Amino acid sequence: MSSETGHHDDPLHPEHLFGHVQDAHHFELPHAVANEGKLHIWQPFEPFVDEVLLQADPDYHLAPFDLRVSKFMVLEVVAAIVLIFFFIGLARKISDGTPARGKLANMLESMLVFIRDEVARPAIGREDADRFLPFLWTMFFFVLICNLIGLVPWAGSATGALGTTFTLAMMTFGVVLTAGMRKMGLIGFWKSLVPHMDLPFVLAIFLLPMIFLIEVAGLLIKHVVLAVRLLANMVAGHLVLAVLLAFILASSHHIAFLGVAPAAVAGASALTLLELLVAFLQAYIFTFLSALFIGTAIHPH
Amino acid sequence: MIHCAYRCVLAGLCLGLPSAAIAAGGAGPDPLLFDVDLAICTAIVFLLTLLILRKFAWGPISAGLEKREQSIADNIATAENAAEEARKLTAHYEEKLAGAADEVRAILDEARRDAEHTGQQIVEKAQAKAAEESQRLLREVEQAKQSALREISDRSADLAISLAGKIVAKELKTEDHAAMIRNDLSKFSEAKPSDN
């Protein structure tokens with residue numbers, strides 16, 4: 001851990017801890033492997049930014065849209081490649097109706113069937129569920145693999161950034177909106193948000209628009225919460241791990257180090273196992289709630 | 001230091017409230033930082049993955065699973081049909097077996113009846129033969145009797161003729177005549193057929 005600035009001397013400083021959890025433009029690697037422990041990511045857009053955008057306008061405000069490749073972007077691509085590799089492999093094995101052979105194929109297939117039979121079909125309904133299966137399958141495994149990559153040393157969890165989870169939640173929101181509008185009609189979907197009530201006309205004029213606003217806000221909030229839930233779970237888990245391991249560094253100049261280090265390693269190992277559970281659990285919850293929201297949109301009452 | 005760690009854990013637990021995290025870290029890190037580039041990248045990567053997998057993985061996998069489920073359902077239906085068929089066949093054969101026992105009993109009964117009948121016939125035949133035999137014997141006796149009687153009558157005629165000749169040969173007197181008849185008659189009575 002380099003200590004160029006003042007607060008970096010303190011391993012338990014929030015900025016230091018968050019540095020291990022949040023996105024970056026470099027991978028943290030052992031000092032023996034990489035210079036200063038950092039492997040900077042190749043920036044393909046850098047010449048374009050430097051020579052075109054900054055030439056044209058020296059005051060070009062780069063943030064937040066700065067065209068820089070970050071660690072999480074790379075890891076998302078890795079997750080996508082893993083996903084494509086695994087499932088095209090599985091598709092080749094079982095597309096002709098033969099049973100899956102091998103541990104990996106059976107494991108992947110049982111997870112797919114679980115999402116189909118225990119998540120999609122109960123939440124959306126037998127006849128509509130299969131249309132949304134590709135989305136739900138991709139969502140589950142994309143989130144799961146991003147979560148699991150977070151447990152790999154020196155990598156990170158792409159689902160630990162709001163940019164990722166919010167986008168994924170908005171994907172669900174988009175599917176919910178299009179599915180609902182396709183099923184209920186453009187106006188019918190928005191009308192179906194307001195539950196049917198027998199109100200006197202005068203009361204209805206005031207109440208129904210307010211209820212409509214509350215329902216629309218609720219629709220938005222539940223999708224934003226979808227994003228925040230996943231983000232919070234991933235960040236919190238990794239942060240606790242970072243804190244536990246930072247205790248070792250913090251006690252390195254003290255005799256307590258002899259007790260703190262083993263306890264911290266044991267605790268971090270146990271929490272990593274818990275994180276493994278959380279990785280699956282959060283992927284499942286995200287997918288399950290997505291399916292539930294889709295089901296609610298196409299069967300409003 | 002411990003206080004600081006506590007604040008960090010607190011910040012981690014209060015991630016839903018960005019203000020709390022910022023307060024804990026001062027002007028430090030914001031876990032709710034929204035990186036537009038990352039969001040765009042996520043959208044592109046996710047949608048591309050979805051499209052690629054939909055075409056090359058989810059479609060074939062769904063079809064494969066469906067096909068397998070169908071074939072399993074078919075197999076179960078076939079097996080059920082086969083079981084039903086086997087049950088029917090068993091019932092049929094059991095019926096046939098029961099029929100065969102009845103048949104055996106019938107055959108045995110018939111055989112017994114035949115045997116009894118044959119025995120009866122043999123007895124009847126024997127009785128008939130015996131009766132016939134006795135009839136034949138009776139007839140023979142009758143014939144013998146008839147022939148004996150015929151012989152007697154022939155001999156008596158002969159005697160009569162010889163007697164007449166004697167009478168003719170001697171000139172008979174009345175007393176001689178009577179004596180002669182008496183004589184012959186005694187001879188006649190000596191030759192009675194009942195003494196045979």
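In this predicted model, the salt bridges over all chains number 13. A:R116 belongs to helix α4 of chain A and B:E69 to helix α3 (residues 36-169) of chain B, so this pair joins two chains. The side chains of A:R116 and B:E69 form a salt bridge with an N to O distance of 2.5 Å. Side chains of opposite charge can pair when their charged atoms come close. Between chain A and chain B, the count of salt bridges is two. Polar contacts between chain A and chain B, with both residues at pLDDT 80 or more, amount to eight residue pairs.

Several helices of chain A contribute to this interface. Those giving two or more residues to the side of chain A that touches chain B are α1 (14-21), α3 (71-94), α4 (103-124), α5 (126-149), α6 and α8 (201-250). Helix α3(A) provides the largest share of that side, with 12 residues. Sorted by class, the side of chain A that touches chain B comprises 42 nonpolar, 10 polar and nine charged residues.

In terms of residues, 61 from chain A are in contact with 47 from chain B. Together, chain A and chain B bury about 4500 Å² between them, and 76% of this area lies on carbon and sulfur atoms. Within chain A, the residues that lose the most area to chain B are A:M73, A:W137 and A:T138, which together account for 11% of what that side buries.

Two packed helices are described by the angle between their axes and the distance between the axes. Across the interface, α3(A) packs with α3(B) at an angle of about 10°, and their axes are 9 Å apart. The two helices, α3(A) and α3(B), are therefore roughly parallel to each other. The contact of α3(A) with α3(B) draws on 22 nonpolar, three polar and three charged residues.

Within chain A, a further helix pair is formed by α6 (residues 162-184) and α7 (residues 186-193), whose axes come within 6 Å and cross at roughly 105°. This crossing makes α6(A) roughly perpendicular to α7(A). By class, seven nonpolar, three polar and no charged residues make up the contact of α6(A) with α7(A). On the α6(A) side, the contact involves A:V176, A:L177, A:G180, A:M181 and A:M184. These residues meet A:L186, A:G188, A:F189, A:W190 and A:S192 of α7(A).

The loop between α5 and α6 of chain A contains A:W154. The phi angle of A:W154 is near 75°, a positive value in a residue other than glycine. Most residues other than glycine have a negative phi.

Conventions. Residues numbered from 1 in each chain as written. Chains lettered and ligands numbered in written order. Predicted model: local features only at pLDDT ≥ 70, side-chain atom pairs only at ≥ 80, totals over all residues. Heavy atoms only, no water. Axes fitted to C-alpha atoms, helices over the stretch in contact; angles between N-to-C directions. Helix = DSSP H or I, 4+ residues; strand = E, 2+ residues; numbered from the N terminus. Parallel < 35°, antiparallel > 145°, perpendicular 65-115°, else oblique. Contact = heavy atoms within 4.5 Å. Nonpolar A, V, L, I, M, F, W, Y, C, P; charged D, E, K, R; others polar. Buried area = accessible area lost by both parts, 1.4 Å probe. Salt bridge = Lys/Arg side-chain N within 4 Å of Asp/Glu carboxyl O. Polar contact = N/O pair within 3.5 Å; in protein donor to acceptor, adjacent residues only side chain to side chain.
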